[in-house]
There are 2 protein chains.
Amino acid sequence: MNSSQEVVDFVENGHKSYLPHLSIDCVIFSYHELRLKVLLIRYHGHSQFGVPGGFIRRHEALTTAAYRILADKTNITELFLQQFYTFGDSPTRLNRIEIQQNHNKAYAKANVALPEDHWLAERTLSIGYFALVDHASVRVTPEFLVEEYDWCDVNHITPLQFDHNEIIEKAVVALRAQVYQQPIARLLLPDKFTLPEIHALYEALLGQPLDRRNFRKRLLALGLITQLAEQRKIGPHRSPFLYEFAAGSRAD
Amino acid sequence: MNSSQEVVDFVENGHKSYLPHLSIDCVIFSYHELRLKVLLIRYHGHSQFGVPGGFIRRHEALTTAAYRILADKTNITELFLQQFYTFGDSPTRLNRIEIQQNHNKAYAKANVALPEDHWLAERTLSIGYFALVDHASVRVTPEFLVEEYDWCDVNHITPLQFDHNEIIEKAVVALRAQVYQQPIARLLLPDKFTLPEIHALYEALLGQPLDRRNFRKRLLALGLITQLAEQRKIGPHRSPFLYEFAAGSRAD
């Protein structure tokens with residue numbers, strides 16, 4: 001939403017266009033300054049951050065909705081979103097008053113408030129998607145209701161809106177489960193990279209130190225990376241070999 | 001639902017108790033006769049099978065709903081359900097008339113039909129759960145609206161209701177992604193087992209032949225199983241070593 005008028009229209013007529021009881025939340029990871037980070041946004045009038053989210057149109061495919069919401073909220077379009085979990089257990093998702101107050105804080109910027117029994121204040125389950133993006137290639141330009149955004153180290157996340165801490169935790173688990181299965185980190189390194197480069201990346205992704213020799217053996221055994229004959233000269237006595245992700249690699 | 005009266009009550013008053021636009025579908029796998037099988041049910045008046053499913057109560061945690069639905073439809077309670085994907089892309093989930101006709105075929109047994117614009121005929125997204133159960137320990141006693149059930153080889157599934165073939169396909173992928181990560185097959189073997197036993201099980205789970213020597217090496221390297229000093233005498237010259245799942249094993 002890009003103006004007060006759009007917010008007013010959404011609050012008044014959204015029930016005709018969107019499904020009730022369902023939202024989508026997007027956990028966008030990036031690798032920056034040797035850290036795994038996550039994109040958080042803060043709505044106007046709110047003190048807590050959360051992940052970008054939105055609603056599904058009544059006749060819109062779920063996957064289409066996920067990409068649209070992320071583009072609307074952040075202007076990020078070039079990435080691969082993966083669904084990882086649907087959240088419907090948290091008691092904070094059931095408290096009408098808490099939900100209503102939460103919406104109203106942000107909508108105050110457009111001078112509009114939810115009437116009682118509004119569909120937005122009803123119980124909402126949220127479908128989680130995540131993506132791992134190249135930090136340098138992403139420019140976030142948040143929408144009208146968002147006051148600020150931040151890339152936050154996943155190891156130092158403050159208390160977020162609703163169950164968004166739990167959403168990020170589960171997304172981290174889903175991301176980590178894939179790092180040895182798929183070349184998920186392909187976008188985050190140059191085409192040819194050194195062992196220390198991919199080793200530092202995996203330590204950040206997995207949040208733990210990895211024995212370098214075993215790490216190399218494992219990636220090679222899985223067929224995830226290939227060692228090239230080529231070396232990179234980085235000093236008089238230092239010319240580490242280069243590696244690349246194997247074409248179409250996908251460990252079973 | 002166990003009687004006509006319950007069905008009538010559900011059709012007339014269900015909108016007060018259940019969330020619209022959302023259902024849960026359960027993919028129950030078992031290992032039987034050296035095959036990976038899936039539990040299918042067929043409703044009265046239907047020619048196609050599908051997986052057991054149902055709706056979420058308005059104030060019920062999502063996970064609670066999943067276990068309740070499975071227990072209601074099949075009487076299966078002793079298992080660990082895992083959520084794996086939420087389905088909302090298929091066009092067959094958007095066609096009101098098709099959805100309405102589908103419901104009405106089964107409800108005919110209770111002499112009730114959906115009125116126009118009924119909430120059950122609206123677009124519904126479905127949250128998928130799966131479980132892997134010990135075939136011998138499970139007794140299915142289907143509910144009033146279910147005419148028959150079948151354990152069907154996952155490699156020979158006929159065309160099912162709606163997008164249920166896709167739901168099973170995705171559940172199989174989710175199951176297979178876990179077989180080297182977690183001792184998911186622990187329930188399906190005796191406490192102590194031979195290599196041929198677990199090898200046959202994994203070939204069924206993964207749907208492909210596995211080199212026996214590499215398979216053994218892999219499970220041991222992952223710390224998933226441990227070789228015992230004990231042997232099982234199965235013939236004059238055959239006494240294979242026994243193995244067990246490692247305590248609390250969980251490969252990273």
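Take B:Thr194 as a way in: its bridge partner in β9 of chain B is B:Leu242. Keep in mind that you're looking at a predicted model. That pair belongs to the contact between β7(B) and strand β9 (residues 241–245) of chain B, which run antiparallel and are joined by 2 bridges.

Step back a little and you'll see the sheet around them. It is an open sheet of 3 strands in chain B, ordered β7-β9-β8, with antiparallel pairing. The edges are taken by β7 (193–194) and β8 (225–231) of chain B, and each has a single partner strand, so one side of each has no neighbour in the sheet. As a reminder, strands of a sheet pair through backbone hydrogen bonds, either parallel or antiparallel. Now look for helix α6 (residues 212–221) of chain B: it lies across β8 and β9 of chain B, and its direction makes an angle of about 110° with β8(B).

Over to chain A, where strand β2 (residues 35–43) is a good place to start. It's mostly covered, with 8 of its 9 residues buried. β2(A) pairs with strand β1 (residues 18–32) of chain A, antiparallel, through 4 bridges. These two strands make a hairpin with 2 residues between them, and A:Glu33 in that turn has a positive phi of about 50°. Right there, A:His32 sits opposite A:Arg35 of β2(A).

β2(A) also pairs with strand β6 (residues 146–153) of chain A, again in the antiparallel sense, this time over 7 bridges. To find the pairing on screen, look for A:Ile41, which stands opposite A:Tyr149 in β6(A). While you're following any of these strands, remember that in a regular strand the side chains alternate between the two faces of the sheet.

What about the cysteines? A disulfide is a covalent bond between the sulfur atoms of two cysteines. Searching the whole structure turns up 0 disulfides over all chains. Why does A:Cys26 have no bond to A:Cys152? The sulfur of A:Cys152 is the closest cysteine sulfur to that of A:Cys26, but it is 17 Å away, which is too far for a bond; the cut-off used here is within 2.5 Å. Seen from the other end, A:Cys152 is in no disulfide either, and its nearest cysteine sulfur is that of A:Cys26, at 17 Å.

Are these two cysteines buried or exposed? A:Cys26 counts as buried because its relative accessibility is 0%. A:Cys152 comes in at 12% relative accessibility, so it counts as buried too; the limit for that label is under 20%.

Methods
Residues are numbered from 1 along each chain as its sequence is written. Chains are lettered from A and ligands numbered from 1 in the order in which they are written. This is a predicted model: local features need pLDDT of at least 70, side-chain atom pairs count only at pLDDT 80 or more; totals for chains, interfaces and linings use all residues. Side-chain values use heavy atoms; hydrogens and water are left out. Buried means under 20% relative accessible area, exposed over 50%, partly exposed in between (1.4 Å probe, protein chains only). Two strands pair if DSSP finds at least two bridges between them. Contact means heavy atoms within 4.5 Å. Axes are lines fitted to C-alpha atoms, for helices over the stretch in contact, and angles run from 0 to 180 degrees between N-to-C directions.
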